[in-house]
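Hello,

Here is the structure I promised to pass on to you. Have a look at it first, and then read on for my notes.

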Amino acid sequence: METGTCKIGCIPGFYGAVCDLECPENCKDGLCVWDSGICKEGCQAGWFGPECKKKCSKNCLTINCDFQTGRCTGCKTGFQGIECNTSCGKNCVRGACDREGRCLEGCKSQHSGEFCETVNDESESRTSTGIIGIVVSLISMIICFFFIKKVMGRRNRSSTDE
C-alpha cells in the first residue's frame, strides 16, 4: 500500500516526508537533508544556523562567519566578541581592540590597563608634583641661607681683622 512518503530521499533542493518542501533559500548549493531541511553543505556567504536563516554580523571582518555558530573570523575596528556585536571600550585609542576587548593602540589620556578600564587620578599626580616642588624649594632656601650666613661670617671676620 502506498502512503505517499518518500523512503529514499528527495531530489536536490527539496525535503520533507513527501518531498514537497523547498530547502531553505540560503543553503549552500540549495542542498539540505531530505528529512529535516537542515542545510547539508553549510550556508551561502553571510548566513549561519542549521537552516541558514541567521545573518552573520555586519561587524565581522569579512562577510563570512562560521555557518554553525555565527562566530566571526575577525572583527571590524571598534568591535569585539564572538559575533563582533559589542563595541570596544570607549577609552581605547581610535576604538581599536582585539576580540576580547584589549585595546590595541593604547589608552586615551587618564586611563590605563589592558582594557583601559583603570582611571588614573590626575589630581594625585598634581599633588605629589606639588609636594616635591615645595620640598625642593625649602631645601634650596636652607642651602642659600647657610651659604649667605657663611659668606657674611667671613666678611665680618675679615673686617675685624683689619
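To begin with the whole chain: what percentage of the 162 residues of the protein chain count as buried? The figure is 24%. Please keep in mind as you read that this is a predicted model, so every value below is computed from predicted coordinates.

The accessible surface of the protein chain comes to about 11800 Å², and carbon and sulfur atoms account for 57% of that area. As for secondary structure, the chain has eight strands and one helix. Following the sequence, you will meet them in the pattern β-β-β-β-β-β-β-β-α. I also looked at how contacts are spread along the sequence: among those between residues at least 6 apart, 11% join residues at least 24 apart.

Now to the cysteines. How many disulfides does the model hold? The count comes to ten, with a disulfide taken as a pair of cysteine sulfur atoms within 2.5 Å. As a reminder, a disulfide is a covalent bond between the sulfur atoms of two cysteines. I went through three of the bridges in detail.

One of them pairs C23 with C32, with 2.0 Å between their sulfur atoms. The torsion about the S-S bond is -70°, and the link of C23 and C32 is left-handed. Are its two ends buried or exposed? C23 has a relative accessible area of 10%, so C23 is buried. C32 is buried too, with a relative accessible area of 6%. Both values fall under the 20% cut-off for buried residues.

Another bridge runs from C88 to C97, with an S to S distance of 1.8 Å. Here the torsion about the S-S bond is about -75°, so this disulfide is left-handed. C88 counts as buried at 9% relative accessibility, and C97 is buried at a relative accessible area of 10%.

The third bridge I checked joins C92 to C103, S to S 1.9 Å. Its torsion about the S-S bond is about -60°, which means that this disulfide is left-handed. Where do its ends lie? C92 and C103 are both in the loop between strand 6 (86-87) and strand 7 (111-112), eleven residues apart. C92 is buried, with a relative accessible area of 1%, and C103 is buried with a value of 14%.

Finally, a word on a serine that caught my eye. S57 sits in the loop between strand 4 (54-55) and strand 5 (79-80). Is S57 buried or exposed? With a relative accessible area of 13%, S57 is buried. Its side chain finds polar partners in the backbone: the side chain of S57 reaches the backbone nitrogen of N59 at 3.0 Å, and a polar atom of that side chain lies 3.0 Å from the backbone oxygen of E83. Leaving aside residues up to four places away in sequence, S57 touches C72, E83, C84 and N85. E83 therefore turns up twice around this serine, once through its backbone oxygen and once in the list of contacts, where heavy atoms within 4.5 Å count.

If you open the model yourself, the three bridges and the surroundings of S57 are the places these notes refer to.

Best wishes

Key
Residues are numbered from 1 along each chain as its sequence is written. This is a predicted model: local features need pLDDT of at least 70, side-chain atom pairs count only at pLDDT 80 or more; totals for chains, interfaces and linings use all residues. Side-chain values use heavy atoms; hydrogens and water are left out. Buried means under 20% relative accessible area, exposed over 50%, partly exposed in between (1.4 Å probe, protein chains only). Helices (H or I, at least four residues) and strands (E, at least two) are DSSP runs, numbered from the N terminus. A polar contact is a pair of N or O atoms within 3.5 Å; within protein, one must be able to donate a hydrogen and the other to accept it, and residues adjacent in sequence count only if both atoms are side-chain atoms. Accessible areas come from the Shrake-Rupley method with a 1.4 Å probe; for residues, only the protein chains shown count as cover.
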